[in-house]
Amino acid sequence: MKGIITDARFRLILMANIASSIGTGITMIAVPWLLVTSENGNVLFGFITLGMTLLNFIITPYIGTLVDRVSRKSLLLTSEMLCLLAILIFAILGFAGQTYTIWHYTVIFMIGSLYYTIFYPTMFAMNQEIFDKSQYKSLNGTMEVQGQLSSMIAGAVASFLLIHWELQSILLLNVASYAAAAYFYLRLPYQKMKVTKKVNKRKSGWDGLLYLKERPALFIFLFFSTMPFLGVMITNYLFPVYLSDVMKVSGDIYALENMIYAIGAITAGMAIPVIAKKFGNESTMIVGVALYCVAISLIVFVSLPIYLSLMFFLALGNCGTRVARNSFMMDHIPNEIIGRVDSLFRTAGLLFRLIALALFTKMISSEMIIICFLVLSGMLIIAALAVFVSSRKGLVKVTEEKLS
């Protein structure tokens with residue numbers, strides 16, 4: 001990890017990410033809070049979230065194609081500047097005396113959500129493009145630590161600003177963060193990778209699917225290794241309900257749960273590059289999925305202290321798998337189609353989340369929260385088995401394969 005930090009390019013990316021992550025993070029905490037505390041906002045926010053998930057599901061494949069066709073630096077700069085201008089307009093409205101209403105909150109939330117949808121696959125592809133393979137493990141570990149620390153800082157700052165600042169001031173801070181990120185990206189030395197003439201002809205948005213169709217074991221391995229992350233997205237909805245309705249605890253316990261999870265995630269970001277270097281990305285991913293599977297399967301059978309302890313292992317399993325998985329994909333997937341391959345898994349994940357959330361929402365309304373966790377546990381058991389079995393199918397050989 002020390003070696004990657006000495007790279008001037010990585011320091012510029014890190015500073016840009018910290019700026020945009022904290023600024024956007026604060027807004028994406030403040031706006032949902034303002035939404036759910038407005039009249040009928042709780043129900044409305046559910047519909048908005050579902051709508052944005054559907055929209056992201058539709059556009060993600062096109063974003064993957066865009067990531068592969070244009071300069072990743074230009075795409076990041078464009079997204080930063082467009083979001084800057086859009087948020088600046090809403091900030092000016094507030095300073096001009098305009099009262100924010102539901103539609104203002106909704107559009108601001110949509111801007112932040114779309115920013116994330118573009119940012120993550122673009123940054124992932126650019127990191128693979130500009131850094132050497134020997135740096136991938138420490139690169140992804142450091143990025144994980146940065147992301148978790150930025151989320152913690154955004155949460156702490158947002159809790160203070162929501163009490164002391166008006167929304168327009170928070171938005172202006174977000175504008176400044178976008179400007180800072182754009183400045184660092186502008187300074188980043190970058191030249192889009194040239195690909196062979198043969199690969200240049202492959203311009204179809206289906207290239208990611210065709211690539212994985214020829215490698216079914218790789219598809220199964222990478223898809224089911226995303227299950228811990230999808231589990232986290234689902235438990236973000238399940239855990240508050242479980243703590244409130246089943247364990248009957250106060251909100252400070254939920255805050256403590258998130259803090260313990262963040263500690264586990266940061267630990268994973270620091271430790272996994274070392275572990276993966278010794279045992280390999282594949283083995284690390286298998287253990288990570290299994291660890292998350294065991295922890296989530298125990299969650300409804302334990303007392304509160306053990307429940308909170310399991311948060312550390314859930315974070316270690318999820319974030320450890322993600323760090324190793326990102327390095328694995330960078331090693332195995334050609335950079336000229338990484339955007340489309342990555343978008344395929346993101347699209348499949350969004351579809352899975354839509355189905356699971358729709359199912360669990362119905363079950364929770366019938367007071368079946370325990371059954372929700374048992375179903376989720378079953379899904380993770382299947383995922384752990386699928387990852388293990390598919391890893392036995394000679395995946396390492398695809399490292400040497402060329403795109404054809």
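This is a short talk on the fold, the cores and a handful of residues of one protein chain.

Let me start with a caution. The model is predicted. Keep that in mind throughout.

First, the overall picture. The protein chain has 16 helices and zero strands. It runs to 404 residues, and 52% of them count as buried. Now look at contacts between residues at least 6 apart in sequence. Of these, 87% join residues at least 24 apart. The accessible surface of the chain is about 18600 Å². Carbon and sulfur atoms hold 70% of that surface.

Next, the inside. The largest nonpolar core has 109 residues. Which residues have the most contacts inside it? They are L238, I299, Y307, L314 and F373. Helix α14, residues 304–332, gives the most to this core, with twelve residues. Both domains take part. Domain 1 (4–187) and domain 2 (206–392) each supply at least three residues to the core.

Pick out I299 and look around it. Set aside its neighbours within four places in sequence. I299 is then in contact with F239, Y242, Y307, L310, M311, L314 and F373. Three of those names came up a moment ago: Y307, L314 and F373 are also among the residues with the most contacts inside the core.

There is another core, apart from that one. It has seven residues, including I22, A30, L161 and I170.

Now to the helices. Take α4, residues 72–95. How far apart are its end C-alpha atoms? They are 34 Å apart. The helix has 24 residues, and at 1.5 Å a residue it should span 34 Å, so the two values agree. Just after α4 comes G97, with a positive phi of about 100°.

Stay on α4 for one residue, L77. L77 is buried, because its relative accessible area is 16%, under the 20% cut-off. L77 touches A182, Y185 and L186, not counting residues up to four places away in sequence. Its C-alpha atom is 9.7 Å from that of A179, and the two residues are 102 apart in sequence.

A19 also pairs up with a part of the chain far along the sequence. A19 sits in helix α2, residues 8–36. At 17% relative accessibility, A19 counts as buried. A19 and A181 are 162 residues apart in sequence, yet their C-alpha atoms are 5.8 Å apart in space. Beyond four places in sequence, A19 touches S177, A180 and A181.

On to helix α5, residues 102–130. I have two residues to show there. One is N127. The other is Y116.

Is N127 buried or exposed? N127 counts as buried, because its relative accessibility is 3% and the cut-off is 20%. Leaving aside neighbours within four places in sequence, N127 is in contact with I13, Y136, L139, M143 and M330.

Y116 is another case. At 23% relative accessibility, Y116 counts as partly exposed. Its contacts, again leaving aside neighbours within four places, are T24, G25, M28 and P121. Y116 and S79 are 37 residues apart along the chain, and their C-alpha atoms are separated by 9.7 Å.

One more polar residue: Q148. Find it in helix α6, residues 136–164. Q148 is buried, with a relative accessible area of 14%. What does Q148 contact, past four places in sequence? The answer is A262, A265, I266, C319 and R322.

That brings us to the cysteines. C319 is buried, with a relative accessible area of 0%. C293 is buried as well, at 8%. How many disulfides are there? The count comes to zero.

To close, here is what to take away. Think of a chain of 16 helices and zero strands. Its largest nonpolar core has 109 residues, and helix α14 gives the most to that core. Domain 1 and domain 2 each put in at least three residues. If you open the model now, start at I299 and trace its contacts, F373 among them. Then go to A19 and find A181, 5.8 Å away, C-alpha to C-alpha. Finish at Q148 in helix α6, and look for its contact with C319.

Technical notes: Residues numbered from 1 in each chain as written. Predicted model: local features only at pLDDT ≥ 70, side-chain atom pairs only at ≥ 80, totals over all residues. Heavy atoms only, no water. Core = buried A, V, L, I, M, F, W, Y, C linked by side-chain atoms within 4.5 Å. Buried < 20%, exposed > 50% of the residue type's maximum accessible area, 1.4 Å probe, protein only. Helix = DSSP H or I, 4+ residues; strand = E, 2+ residues; numbered from the N terminus. Domains from an automatic or database assignment. Contact = heavy atoms within 4.5 Å. Expected span 1.5 Å × (residues − 1). Areas by Shrake-Rupley, 256 points an atom, 1.4 Å probe, with all protein chains shown as cover. Disulfide = S-S within 2.5 Å.
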